[in-house]
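Hi,

Here is the structure I promised to pass on. Have a look at it first, and then read my notes underneath.

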Amino acid sequence: MTVARNLTPVAVRPAAATVAPASPDTIRFPHGLPGFESCRGFVLMTSDVLGPLQCLKSVEGPAASFLVIDPRRVLADFRCDLSEGDRARLGVDDQDTLLWLSLVTIELDGTITVNLRAPIVVNPALMVGHQVVPYHCVYPIRYVVSEGR
Amino acid sequence: MLVFTRKRGEAIMIGDGIRIEVLRVGREGVRLGVVAPPEIAVHRQEIYDQIREANQKAASSPQDLGEVAKRLRQRA
């Protein structure tokens, strides 16, 4: 498993304990997501019909799927600094290689909101992901991109 | 729940690496300092609760995704 070799030993222990041989497309989330702590593996699905949205679907643990979008498609100057801990968890030195995904919510009245406060960050080199909650962040959890009816 | 009485400058240890110190006690609240290893995420609980709730809402997003995608494309 390349994930185990490239991450710091402390950061990888929870992942290593739960790793089952998975498809190379599986992105490992060693801590799951808040509210979905036991979802430890996801795949990212794209289609022409869905674009610019993508679907992040749980393939380990309870079934869960999320619509996601690149936060920069929502806010062109979106910027977020990763903490030292987030970098350690993702096993990165260089932010440029990362994939950023914000969760999209369609509310009951059809309003579309995007969570810019706590983006999901994926390190494609290690196929490991983490939902980050930056300490200082000017963006809202519920950023409205399209009003409902 | 474990309950401790602590004065300013006193701390509690959790495991080997997590230390929580009382920095100041005032009328408006208690100021705490937390020292934890980088792999331990530390947040105000209300922030974490809000994110968890938002995630749960996002997971139950229903209906015609093609239509939703179209609205987002039109916006761009």
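Below is what I found, going from chain A to the contact between the chains and then to chain B.

One thing before you start: this is a predicted model.

**Chain A overall**

Chain A has four helices and nine strands. If you walk along its sequence, the order is α-α-β-β-β-β-α-α-β-β-β-β-β. Of the 149 residues in chain A, 39% are buried. Among its contacts between residues at least 6 apart in sequence, 50% join residues at least 24 apart.

**Two residues to click on**

Start with A:V122, which you'll find in strand 7 of chain A, residues 120–123. Is it buried or exposed? A:V122 counts as buried because 23 other C-beta atoms lie within 10 Å, and the cut-off for that is 20 or more. Its contacts, leaving aside residues up to four places away in sequence, are A:I27, A:L98, A:L99, A:L101 and A:G129. Also, A:W100 is 22 residues from A:V122 along the chain, yet their C-alpha atoms are separated by 6.5 Å.

For a contrast, try A:R73, in helix 3 of chain A (residues 71–74). A:R73 has 19 other C-beta atoms within 10 Å, so it is partly exposed. Between A:R73 and A:L44 there are 17 Å from C-alpha to C-alpha, and the two are 29 residues apart in sequence.

**The core**

The largest nonpolar core has 39 residues, and those touching the most other members are A:L53, A:F66, A:V68, A:L103 and A:V104. Which elements supply at least two residues each of this core? From chain A they are strand 4 (65–69), strand 5 (99–106), strand 6 (112–114) and strand 7, and from chain B helix 1 (45–59) and helix 2 (65–75). So the core draws on both chains. As background, nonpolar side chains in soluble globular proteins tend to be buried together.

**Where the chains touch**

Across the contact, 31 residues of chain A meet 28 residues of chain B. On the chain B side, helix 1 and helix 2 each supply at least two residues. Helix 1 gives the most, with 11 residues. By type, the chain B side splits into 15 nonpolar, seven polar and six charged residues.

**Helix 1 of chain B**

That helix deserves its own look. Helix 1 of chain B has 15 residues and reaches 21 Å from first C-alpha to last, close to the 21 Å expected at 1.5 Å a residue. Its buried residues are B:I51, B:A54, B:N55, B:A58 and B:A59. Looking down the helix axis, these buried residues fall within an arc of 135°, so they line one face. What do they pack against? The answer is strand 4 and strand 5 of chain A. The face turned away from the buried side carries the exposed residues B:Q45 and B:E46.

**A hairpin in chain B**

Last, find strand 2 (residues 18–25) and strand 3 of chain B, which pair in the antiparallel sense over six bridges. The two strands form a hairpin, with four residues between them. One bridge to look for links B:E21 with B:G33, its partner in strand 3. How many of the six residues of strand 3 (residues 30–35) are buried? The count is zero, and that strand is hardly covered.

Happy browsing, and shout if anything is unclear.

Terms used. Residues numbered from 1 in each chain as written. Chains lettered and ligands numbered in written order. Predicted model: local features only at pLDDT ≥ 70, side-chain atom pairs only at ≥ 80, totals over all residues. Buried ≥ 20, exposed ≤ 12 C-beta atoms within 10 Å, placed from the backbone. Contact = placed C-beta atoms within 7 Å. Core = buried A, V, L, I, M, F, W, Y, C linked by C-beta atoms within 7 Å. Nonpolar A, V, L, I, M, F, W, Y, C, P; charged D, E, K, R; others polar. Expected span 1.5 Å × (residues − 1). Arc of directions from axis to C-beta. Pairing = 2+ DSSP bridges.
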